[in-house]
Amino acid sequence: MRKVDNNHVRQTVSKKVIVVLLGGALLIQPLSAVPVSWNPVKTPVAAAATASSAFKLLQESYITAGAIKKEYVWTTQRSGKKAETNVHVIEIDLSNPNVKLDAMSGKNNTVGKLNTIANMTKENGAVAGINADVFITSTEGSPMGAQVSSGTMLVSPMKIKGMYAFAVTKDRQPVVDSYTFDGTVKAGDGATFVLAGMNQSAYVPEVGDSKYSHFNQLHIYTSAWGGAERPRNAMATPTEVLVRNGIVEQISEQAPIAGAIPSDGYILRGHGDAAKFIVEHLQVGQSVTSNYSLVSSTGSKVDPSTFQMLIGGHTILVDKGAAAAFSRDITGVSGSSIVSRSAVGYSKDGKKVYLITTEKFGNSTGATLKEMQQIMVGLGVYKGINLDGGGSTTMIDRPLGETGLQLTHSTQYGTTQRSVANGIGVFSTAPKGSLKGITVSGSNVLFIGQKASYSVKAYDTYYNPFELTSTNAKWSSIGSVGTMSGNEFTATKAGTATISVRSGDVTSNYPIEVIGQDQVAEVKLDAAAGVLSKGATVSVPVTITLKNGKSYKLTGDSLKWEFIGFTGSQKGNTITVESTGSSTTGYAIGRYDGFPTLLPFTQGGSEKTLENFENVGYAITTQVTPAATTTGSVKLVSDLPKQTSGKALQISYDFSAGTGTKAVYAVFNGTSGRTVEGAPNGLSVDVYGDGSLNWLRAEFTDADGKAHLVDLAKQLDWTGWKTVRADLGSYGMKYPVKLKRIYVVTIADGQDERAATGAVGLDNLKLQYATAPVTSVNKSIVMNIGKKTATVDGKAITLDVAPLELSGTTYVPLRFVSDTLGATLRWDDKLNRVTVIKGSTMLEMVIGKKELVMNGKRSDTAVAPIVRNGRTLIPIRLFSENLGLKVGFENKTKKITID
């Protein structure tokens, strides 16, 4: 038996209850609280996995001495189809004295105040963590099982059958067992009464005669209890006793004691028979003792102080290295559904503990509980239990060499974490060690002219972070493709190099590659066209796709620019028209290491209204994410201050609950979206700002079904009406496109600096269009092989060089054809490169090289341009048909026609 310490626990109960599943936590609600129309969300139920399941270790890394993170892909068959699940494992070596496990509680390390695992891990100074016990979501959320932290019991187990717990003893031995609670309060006159539990929420017991956990029962609450009540929905009016240092200080009959529980005391909460015991046997100023212990499945009493830590879970999953029969009905945790899972177990020799999660997000499919058993056995678990899963599954770790924590993998909500009752923390107890290793991070692919800064993460002999400074880290580069200054590398030409950093006797090398034009497949400007008007600007972000299929986003100053038909300047992602001449069409040619792309500029433009909300002929609906915590609405309004139109669209939002990224969407025309005409290069919107500093975005879907998120305002940092503009040409959308949603969003980073509630108005959505380049009217050209005469629209012309036929390919003089067709021709004598521009199309070829670059995209060709008698001749079909011309050839007369 053990005298009570300052502990924390929690639970709830009310009337008759129904148990349903919410995410992965048990939700117990009174029948009267369940709406008549309520239906549980159905999750997919898996077919039995076959024996063909297999593991593949993807990577492993140290978190700290004695703790290694391992990433697996587990493959199985479901209903004859291959299914893959990401499995994440933190393996703890209990034989290593520099690491320990402990239980973590809710907010401020209390019971009954739910918290995310990321916050628990950070607040407790852990280097890794995983969610633990199931809890009742309709109450304060105390764990359903026991919890012991650092040798102190904070929560007693509920009287629920078949629930197992995981523990590590003070002598570092792992234990999996099922525990009950045994406790007694002894008054100064010698009278005793049974303690029913410690720091518990209300619940429906499965053991004993009572239907209510706190009816006719005596419970103990310590300063670790964080709930506003003791507890909520107890269905039993309390009589309470404040005990400090073993002496009764206060008794409150039929009412709770006000104020916080002192750290050197506790409160006894009684009802019915227990309240009678308090009134008849306890008096202010007299002594009282409260003793308790846990009772194992063998009936032996266990002093909680013999444990370093203990957390409750659900059913046993693995026993003696094999899948065990479930100790409890798994329906309440959707055991047959394919969801995220969490579990804990240990090896046969008792030296290793495994913290395990399976991921359901993206292409990772999650697991059933039976599949989880297979996974655990495959990992080497000898005995292990199920933890809370579904939306509660969360794993946090500290990457090697870093001081900050990260979400190991996506939750079922992406980056959003559910607040849970408790967790298991991994703690380093190692002293400060000497430098052991350095890892370099930064871009390993660079482009000519690009500067890249590199950072280091260093770790000591215990795999804990080691601080490197500019004075003890020396940088250098090996290779002649760039220069190194401090930790910054500037790429000057194509090739390979090695970035090296050294501190003392420890050196780390990091290979990099600088891309050359021969590796480029396409250079694409994320803009359709520019306006040929003095002072006009256009955004020109660049996407370079390599021959290996990889794409990279670069700024406009990654290219060297030349301007035709106007004088321009370029800085960052912006081209500015400085002056124009008499031309109605101009061109900006950007080159990366000589590889070209084109942006046409034209005079004039047009604007069309996409939506003014006066006569909306389709549905505009509300969508929120995450649905569990975010609320909001979308509606048409006519009463915004200084609103000049009849109607505007208002998006109201409430981000005050939950954590992570949150958003409220105005959804246009259901799943279809609002159709956008043509290929606009800009969007303007009148926005009524609320000064919230939140983010306003629009989502378009292009012709390939790809979503593009367009920034309307990175920060809503104004109040009242303002016209905002977005350069649609900078997003690389393939037209036609549809407007799907406009939304207000707040991200996790810096969320406390932005308003949690507010409303934004939208009106006058307008699209801007650039005028297409003017293409000269094509003329009819007739030539003959071997003859220096030709006709243009019937008029005879003398050629400098005759067309010729070579190996089945017809070649014609480039200068004559391009001039006749009104194309712009540019010749680079040094590179033997010819460039032809007609309308919005640019072709570029190199003499003797069997490839063609058209509008920034490289393609291989069967033939190449040639030179004869100092004149360039080009394959006629390759040239003309790429410019949209019709080519004819009469084999008998050797006549060539171009129309």
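Two exercises with worked solutions follow, on a sheet and on salt bridges.

The model is predicted: local features need pLDDT of at least 70, side-chain atom pairs count only at pLDDT 80 or more, and totals for chains, interfaces and linings use all residues. Residues are numbered from 1 along each chain as its sequence is written, and side-chain values use heavy atoms, with hydrogens and water left out.

**Exercise 1.** Determine which strands stand at the edges of the sheet E8-E32-E9-E30-E31.

*Solution.* Strands are DSSP runs (E, at least two residues), numbered from the N terminus; two of them pair if DSSP finds at least two bridges between them.
1. The open sheet has five strands in the order E8-E32-E9-E30-E31, with antiparallel pairing.
2. Strands E8 (99-104) and E31 (406-407) each have a single partner strand, so they stand at the edges and one side of each is left without a neighbour in the sheet.
3. Further in, E9 (residues 128-131) and E30 (residues 395-397) pair over three bridges; Ile130 has Met395 in E30 as its bridge partner.

**Exercise 2.** Classify Arg230 and Glu240, which meet in a salt bridge, as buried or exposed.

*Solution.* A salt bridge requires a side-chain nitrogen of Lys or Arg within 4 Å of a carboxyl oxygen of Asp or Glu.
1. The N to O distance between Arg230 and Glu240 is 2.6 Å.
2. Arg230 lies in the loop between strands E17 (218-222) and E18 (239-244), and Glu240 in E18, 10 residues apart.
3. Buried means under 20% relative accessible area, exposed over 50%, partly exposed in between (1.4 Å probe, protein chains only).
4. Arg230, at 14%, is therefore buried, and Glu240, at 0%, is buried.

Notes: Helix = DSSP H or I, 4+ residues; strand = E, 2+ residues; numbered from the N terminus.
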